[in-house]
Amino acid sequence: MSGTLPVFRWRLAPEGYATRRQLRALGLRPGGQDVAAQLERPRRRRGPLVAYLYRVDRAKPVRPMTPARRTALAKALAARRTCPNCRTDAGYCIPRSLGMCVPCHDRDPHGSEGST
């Protein structure tokens, strides 16, 4: 692969290129290919937003969800919902910024790092 990637302006990429999300919507994945191009969306007073593009013709189908993968995903999502402080299922993914469910965070004004 050469050192520079083709750069396209936002919404002006030619046919045959797609982002990861667009590939996923088509039931595809990059499949180990390198980034083929990038999109840039200019912003005021900051650097541009960048999105990487992959070739659709080189993409591979998404691997099917097996029972073992489904079980592992369910366990991972359950761990993200379980509060480490009170050990209950919060019913939502606990924000990483809080580190505990909202009721536990509201009860502990200093957070888990604070001194008592």
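**Entry 1: histidine 105**

I began with histidine 105 in this predicted model. Histidine 105 sits in helix α3, which covers residues 102–107. Buried or exposed, or in between? I found histidine 105 partly exposed, because its relative accessible area is 30%. Next I checked its distance to asparagine 85. The two residues are 20 apart along the chain, and 9.2 Å separates their C-alpha atoms.

**Entry 2: cysteines**

How many disulfides does a search of the whole structure find? I got 0. I then looked at cysteine 101, which is in no disulfide. Its nearest cysteine sulfur belongs to cysteine 104 and lies 3.4 Å away. Why is there no bond from cysteine 104? The closest cysteine sulfur, that of cysteine 101, is 3.4 Å off, so it is too far for a bond. The cut-off I needed here is 2.5 Å between the sulfur atoms.

I also looked up the accessibility of each. Cysteine 101 counts as buried, because its relative accessibility is 5%. Cysteine 104 is buried as well. Its relative accessible area is 2%.

**Entry 3: salt bridges**

I turned to charge pairs. Side chains of opposite charge can pair when their charged atoms come close. How many salt bridges does the structure hold? I noted 2.

One joins arginine 55 to aspartate 57. The closest N and O atoms of this pair are 2.7 Å apart. I logged arginine 55 as partly exposed, at a relative accessible area of 24%. Aspartate 57 is exposed, because its relative accessible area of 57% is over the 50% cut-off.

Arginine 81 and aspartate 89 also form a salt bridge through their side chains. I read 3.4 Å from N to O. Arginine 81 counts as partly exposed at 27% relative accessibility. Aspartate 89 counts as partly exposed too, at 48%.

**Entry 4: valine 56**

Where is valine 56 found? I placed it in the loop between β5 (46–55) and β6 (60–61). Valine 56 is partly exposed, with a relative accessible area of 27%. Then I took its distance to arginine 107. In sequence, valine 56 and arginine 107 are 51 residues apart. In space, their C-alpha atoms are 50 Å apart.

**Entry 5: nonpolar patch**

Which residues form a nonpolar patch on the surface? I listed Met65, Leu73 and Leu77. Together they have about 240 Å² of accessible area. I followed up on leucine 73. Leucine 73 belongs to helix α2, residues 67–81. At 44% relative accessibility, leucine 73 counts as partly exposed. That value is over 30%, so leucine 73 meets the accessibility cut-off for a patch.

**Entry 6: positive patch**

Which residues make up the positive surface patch? My list reads Arg11, Arg41, Arg43 and Arg46. I picked arginine 43 for a closer look. Arginine 43 lies in strand β4, which runs over residues 37–43. Its relative accessibility is 33%, so arginine 43 counts as partly exposed. This value too is over the 30% needed for a patch.

Conventions:
Residues numbered from 1 in each chain as written. Predicted model: local features only at pLDDT ≥ 70, side-chain atom pairs only at ≥ 80, totals over all residues. Heavy atoms only, no water. Buried < 20%, exposed > 50% of the residue type's maximum accessible area, 1.4 Å probe, protein only. Patch = residues over 30% accessible without salt bridge, like charges linked within 9 Å, V, L, I, M, F, W, Y side chains within 5 Å. Areas by Shrake-Rupley, 256 points an atom, 1.4 Å probe, with all protein chains shown as cover. Salt bridge = Lys/Arg side-chain N within 4 Å of Asp/Glu carboxyl O. Helix = DSSP H or I, 4+ residues; strand = E, 2+ residues; numbered from the N terminus. Lys, Arg positive; Asp, Glu negative; His and termini not counted. Charge placed at Lys NZ, Arg CZ, Asp CG, Glu CD.
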